[in-house]
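Visitor: Could we go through this structure together, starting with the cysteines?
Guide: Gladly; here it is.
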Amino acid sequence: MKLVVRVKLLPTPLQAEALEATLHACNEAATWAARVAFEENERKPLGLRKHAYLPIRQRWGLGAQAAQHAIKKTCDAYTTMKANLRGGRYGRPGSKRHTRVLGKPVVFRPDAAQPYDDRMLSWQHERRTVSIWTTGGRMKDLAFTGQAEQLAVLAAHRRGESDLVCQDGAWFLIATCEIDEKALNANPPSFLGVDLGIVNVAVTSDGARHCGRKTNRRREHDRTLRAKLQKKNTKSAKRRAKKYAGREARRTKDINHKISKRIVAEAERTARGIALEDLTGIRQRARLRKPQRATLHSWPFAQLGAFIAYKAKKAGVPVVYVDPAYTSQECSQCHHIERGNRPSQARFACRSCGFVEHADLNSSHNIAHRGWMAWVCGAQSTAPELTLLA
């Protein structure tokens, strides 16, 4: 399976200047190619290459491989945009945001990531340096550093492309690695159900509850702070907003990594599979009060599911996605479904058999049961091929 390892580059001021010029040129070329693709309605690399390859090389002085990657990056961006539109990321068809995104070409930030292949980048692991192509020529002896475990994985398993990234003035290379995965457990005795939510980020059918109350309070504080800074709109407010940019996303990602690691470890220890809810389109289906909407739309359920899926694939744990309909209203004992079974957010009380349980725990039992039934009926593990941070 594929993982990525991020190493930090240690360029001198002159090297950093050359890297910055290279990144800006590549992204300017990609933005121009995106405009051509939009005007010519050509979103495939082979077709777009006929319109953009020579102008990119002549106008921005990019090498052959860099020009090819700029064109491919443009086409990949349109493919991602199409998938996001289909998945409802930009609202419903006909909405203002959906129409705005669909009606203009893709634009790349000046410091957006640029892919490098082995013709443009070579690694010297013993010396911990790289030789990298820039618009000013080949740059050799560019030092890099990283955690010892990650560098060992990089040296042993690196395959394919690496991305050059600039974040807050720091330079990184994100390298793709292919590592061996365990054989899939094809005969799990049962499934571990995972109920995803807002009050409780994840609840498993074993009773493990990963609460989100503290996290939600921190996120609410961050949203309030952002609103104040945006309203103030002074230079100092903008500097402070830039300082805090991405803090919530990084914190959420760290929490999702920890939760997914615990869930997969428990499933692997007990030789069980994992059953998750298929929450595709949840933003369009859910009807919440206004104060809850920001929490729903900003919490990355898909990210947590993806982390569970790729960790499970690495560990050989089967993963199935089930229909989430009525899991919160169905009794896990007698399977009676009624809206009145859920008198409050945290309490489940079946009106048919009288079974009482924590609502999220009851839902996780239903998800586990549906996952087992889907597996028995021939469902295959849906743990996808993912490229995520190691």
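Guide: Counting as a disulfide any pair of cysteine sulfur atoms within 2.5 Å, the total comes to zero disulfides.

Visitor: How far is Cys75 from the nearest cysteine sulfur?
Guide: That sulfur belongs to Cys26 and is 16 Å away, and Cys75 is in no disulfide.

Visitor: Before I go on, what sort of model is this?
Guide: This is a predicted model, in which local features need pLDDT of at least 70 and side-chain atom pairs count only at pLDDT 80 or more, while totals for chains, interfaces and linings use all residues. Residues are numbered from 1 along each chain as its sequence is written, and side-chain values use heavy atoms, with hydrogens and water left out.

Visitor: Okay, is Cys75 buried or exposed?
Guide: Cys75 is buried, because its relative accessible area is 3%, where buried means under 20%, exposed over 50% and partly exposed in between, with a 1.4 Å probe and protein chains only. Cys177 is buried too, with a relative accessible area of 0%.

Visitor: New topic: how many residues of β8 are buried?
Guide: Six of the six residues in strand β8 (residues 191-196) are buried; strands here are DSSP runs of E, at least two residues long, numbered from the N terminus. Phe191, Gly193 and Asp195 point one way, and Leu192, Val194 and Leu196 the other.

Visitor: Which strands does β8 pair with?
Guide: Pairing requires at least two DSSP bridges between two strands. β8 runs parallel to β11 (residues 273-277), joined by three bridges, with Ile274 as the partner of Leu192. With β9 (residues 200-204) the pairing is antiparallel, again over three bridges, and Leu196 is partnered by Ala202.

Visitor: What joins β8 to β9?
Guide: A hairpin joins β8 to β9 through three residues.

Note on methods:
Helices (H or I, at least four residues) and strands (E, at least two) are DSSP runs, numbered from the N terminus.
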